[in-house]
Amino acid sequence: QVHLVESGGGLVQPGGSLRLSCAYSGMIFSINAMGWYRQTPGKQREAVATITKFGGRNYGDSVKGRFIISEDKAENTVYLQMNSLRPEDTAVYYCVSFTTIISDSRDYWGQGIQVTVSS
């Protein structure tokens, strides 16, 4: 199992910045990739950014050039630096780990954290 705890959300003005953190623990060596997803009521869950254990990064089209995903392996923490925030970025953000043990692949999700972009 992998346990994820998100932090760093809150209220920010348009154009501002926030940094989300995701601390992970448990069977860390089973993790193939980490990611951030977001959910707004009435909309499908959207992939924001992912980072593989080899350091490869991918971003959703709506956040390219504005968000940066990174990982501090020494601290067992994944970050999402969010810049130039827009009202449409308002959502609950979830940290997720993608794991494989032998041939068993599983996803583990954090509890979610609210990000609100508003004047």
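The exercises below work through a predicted model, from the whole chain down to single residues. Residues are numbered from 1 along each chain as its sequence is written, and side-chain values use heavy atoms, with hydrogens and water left out. Because the model is predicted, local features need pLDDT of at least 70 and side-chain atom pairs count only at pLDDT 80 or more, while totals for chains, interfaces and linings use all residues.

**Exercise 1. Overall build**

Task: State how many helices and strands the protein has, and compare its radius of gyration with that of a compact globule.

Solution.
- Step 1. The protein has 0 helices and 11 strands; helices (H or I, at least four residues) and strands (E, at least two) are DSSP runs, numbered from the N terminus.
- Step 2. The pattern along the sequence is β-β-β-β-β-β-β-β-β-β-β.
- Step 3. A compact globule of 119 residues would have a radius of gyration near 14 Å, and the protein agrees, with 14 Å. The radius is taken over C-alpha atoms, and the globule rule is 2.2 Å times the number of residues to the power 0.38.
- Step 4. Along the principal axes, the C-alpha atoms fill a box of roughly 50 × 30 × 25 Å.
- Step 5. Of the 119 residues, 39% count as buried. Buried means under 20% relative accessible area, exposed over 50%, and partly exposed in between (1.4 Å probe, protein chains only).
- Step 6. Among contacts (heavy atoms within 4.5 Å) between residues at least 6 apart in sequence, 55% join residues at least 24 apart.

**Exercise 2. The nonpolar core**

Task: Find which residues of the largest nonpolar core touch the most other members.

Solution.
- Step 1. A nonpolar core is a set of buried Ala, Val, Leu, Ile, Met, Phe, Trp, Tyr and Cys residues joined through side-chain atoms within 4.5 Å.
- Step 2. The largest such core has 27 residues, and Met34, Trp36, Leu80 and Tyr93 touch the most other members.
- Step 3. Elements giving two or more residues to this core include strand S1 (2-7), strand S4 (31-39), strand S8 (77-82) and strand S9 (91-101). S3 gives the most, with 4 residues.
- Step 4. Beyond four places in sequence, Leu80 touches ten residues by name: Leu18, Arg19, Leu20, Trp36, Val48, Ala49, Phe67, Ile68, Ile69 and Tyr93.

**Exercise 3. The largest pocket**

Task: Give the volume of the largest pocket and sort its lining by class.

Solution.
- Step 1. On a 1 Å grid over the protein atoms alone, a pocket is an open set of points where a 1.4 Å probe fits, with protein on both sides within 12 Å along at least five of seven lines; lining residues have an atom within 4 Å of a point.
- Step 2. The volume is about 170 Å³, meaning the space filled by probe spheres set on the points, which are joined across faces, edges and corners.
- Step 3. The lining consists of Tyr24, Ile28, Phe29, Ile31, Asn32, Ala33, Met34, Lys53, Glu71 and Lys73. S4 supplies the largest share, 4 residues.
- Step 4. By class, 6 are nonpolar, 1 is polar and 3 are charged. Here Ala, Val, Leu, Ile, Met, Phe, Trp, Tyr, Cys and Pro count as nonpolar, Asp, Glu, Lys and Arg as charged, and the others, Gly among them, as polar.

**Exercise 4. Two strand residues**

Task: Decide whether Ser97 is buried or exposed, and then place Thr116.

Solution.
- Step 1. Ser97 lies in strand S9 and is buried because its relative accessibility is 0%.
- Step 2. Ser97 and Met34 are 63 residues apart in sequence, yet their C-alpha atoms are 4.6 Å apart.
- Step 3. Among the residues that Ser97 touches beyond four places in sequence are Val2, Leu4, Met34 and Tyr108.
- Step 4. Thr116 is in strand S11 and counts as partly exposed, at 27% relative accessibility.
- Step 5. The C-alpha atoms of Thr116 and Ala91 are separated by 6.6 Å, with their positions 25 residues apart along the chain.

**Exercise 5. Positive phi**

Task: Compare the settings of Asn76 and Ile102, two residues with positive phi.

Solution.
- Step 1. Most residues other than glycine have a negative phi.
- Step 2. Asn76 has phi near 50° and sits in the loop between S7 and S8; at 25% relative accessible area, Asn76 is partly exposed.
- Step 3. Ile102 has phi of about 60° and lies in the loop between S9 and strand S10 (104-109). Ile102 counts as exposed because its relative accessibility is 82%.
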